[in-house]
Structure formats: C-alpha cells, structure tokens
Amino acid sequence: MSEISTKPYMLRAIYEWCTDSGYTPYLAVKVDSRTTVPMEYVKKGEIVLNISFGATSGLKMDNDAIRFHARFGGVSREIYVPVDNVMAIYANENGQGMAFEPVLGNDDPDAQPTDSPASADVPPPAIAPVSSAPTLSSVPTSSPEQRDNATPSDDEPPKKGGRPTLTRIK
C-alpha cells in the first residue's frame with residue numbers, strides 16, 4: 001500500500017491557523033501544464049495567490065488539488081492547483097508558514113510527490129537536478145546596540161503597500 005502524503009494535511013492546517021489568527025493565507029505555486037491560473041500574473045513560472053475567505057469563492061482543499069474561484073482585474077476566474085505544485089503556504093502579515101521541496105518533473109503525471117519530512121530517507125535521484133533546491137535560512141537580527149548606532153538611512157520605516165512577494169534565499 002502506498003504511503004499517503006502529509007503535504008495536503010499541512011496545507012489545510014496552516015490555512016486554518018492563518019484564518020484563526022486573523023492572518024491572510026497566501027500560496028506560492030509552481031505553474032505548469034496541470035495548473036489553471038491566469039497566466040498574465042505568472043512570473044518566472046510561479047504565482048502567489050491570496051486564498052483568504054474574502055478573496056476566494058468555493059475554496060476546496062483536497063488531498064490532490066486546491067480549487068476555488070477568485071477575481072483578477074474584476075473578472076472571476078477558476079483556479080486549479082495540484083498539491084504537488086504548492087511551494088509554500090504562509091501568512092502575508094508576518095511570513096510565517098511552511099515551504100515545501102519542489103517536485104521535479106511536474107509535467108510528468110506519474111511523478112512521485114516529494115514532501116520534505118517523508119523524503120529525508122530516500123536516496124537522491126541518479127541524475128542530479130540542474131540547479132540545487134533552495135534552502136531556507138534565518139535573517140540575522142540586529143542587536144539593541146546596533147539599532148542605537150544606526151545611521152539615519154537605516155531608521156527609515158519599511159515601505160508599505162504594493163504587492164507582497166515571497167523571496168527565496170539561495
């Protein structure tokens with residue numbers, strides 16, 4: 001019997017945590033031929049989607065896919081995202097959430113999903129990927145002494161507004 005992936009359960013759990021905490025859940029998605037999203041909003045083969053209650057209609061998070069309707073430029077669009085294509089789910093307000101290892105060969109319908117926890121015991125593939133997978137790292141925080149000695153340009157508040165983005169640190 002094949003093992004059931006934990007990824008869809010984690011996605012639903014983080015989504016529920018976001019909504020219970022009053023945060024806006026966002027999905028970072030790898031776009032391929034199995035994904036139905038407005039292509040005009042896709043950048044570098046990826047799209048970030050707001051999946052909050054107010055931004056979606058009929059949200060359904062199954063074990064194989066996430067489906068919903070959302071407005072883009074005032075036009076209602078049907079969205080279909082295979083669970084394998086979800087790269088991250090996070091709260092827009094603080095960036096807390098969970099990132100997932102990308103699945104190699106997403107266009108291959110027979111490709112096996114690779115969740116980080118379950119794939120730790122699996123040996124690497126015989127053919128190495130062209131680029132290494134991104135890794136998460138913490139951002140260094142400044143000490144109180146460093147903040148006190150900051151130059152005026154360092155004291156500028158962060159810019160608000162605009163479209164949120166998920167930044168990968170390689």
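Let us start at one residue: Lys44 is exposed, with a relative accessible area of 83%. Keep in mind that this is a predicted model. Lys44 sits in the loop that links strand 1 and strand 2. Its backbone is worth a look too, since Lys44 has a positive phi of about 55 degrees although it is not a glycine.

**The whole protein**

Now zoom out. The protein has 3 helices and 7 strands, and reading along the sequence gives the pattern α-β-β-β-β-β-β-β-α-α. Here are some overall values for you to keep at hand.

| Property of the protein | Value |
|---|---|
| Residues that count as buried, of 170 residues | 26% |
| Accessible surface | about 11800 Å² |
| Share of accessible surface belonging to carbon and sulfur atoms | 54% |
| Contacts joining residues at least 24 apart, among contacts between residues at least 6 apart in sequence | 56% |

**The nonpolar core**

Which residues of the largest nonpolar core touch the most other members? Of its 24 residues, they are Leu11, Leu27, Val37, Leu49 and Ile89. Several elements give two or more residues to this core: helix 1 (7–20), strand 1 (25–30), strand 2 (46–50), strand 4 (65–72), strand 5 (75–82) and strand 6 (86–91).

Try following Leu27 in the structure above. If you leave aside its neighbours within four places in sequence, Leu27 is in contact with Leu11, Ile47, Val48, Leu49, Ile51, Ile66, Val86, Ala88 and Ile89. Three residues on that list, Leu11, Leu49 and Ile89, are also among the core residues that touch the most other members.

**The open sheet**

Next, look for the sheet. In the order 3-4-5, 3 strands form an open sheet, and their pairing is antiparallel. Why is one side of strand 3 (56–61) and of strand 5 left without a neighbour in the sheet? Both strands stand at the edges and each has a single partner strand, so one side of each has no neighbour there. From one strand to the next, the twist averages 15 degrees.

It helps to know how such a sheet is held together in general. Strands of a sheet pair through backbone hydrogen bonds, and the pairing can be parallel or antiparallel.

Here, strand 3 and strand 4 run antiparallel and are joined by 4 bridges. To find a bridge pair yourself, begin at Met61: its bridge partner in strand 4 is Ile66. You have met Ile66 already, as one of the residues in contact with Leu27.

Conventions
Residues are numbered from 1 along each chain as its sequence is written. This is a predicted model: local features need pLDDT of at least 70, side-chain atom pairs count only at pLDDT 80 or more; totals for chains, interfaces and linings use all residues. Side-chain values use heavy atoms; hydrogens and water are left out. A nonpolar core is a set of buried Ala, Val, Leu, Ile, Met, Phe, Trp, Tyr and Cys residues joined through side-chain atoms within 4.5 Å. Buried means under 20% relative accessible area, exposed over 50%, partly exposed in between (1.4 Å probe, protein chains only). Contact means heavy atoms within 4.5 Å. Two strands pair if DSSP finds at least two bridges between them. Axes are lines fitted to C-alpha atoms, for helices over the stretch in contact, and angles run from 0 to 180 degrees between N-to-C directions. Accessible areas come from the Shrake-Rupley method with a 1.4 Å probe; for residues, only the protein chains shown count as cover.
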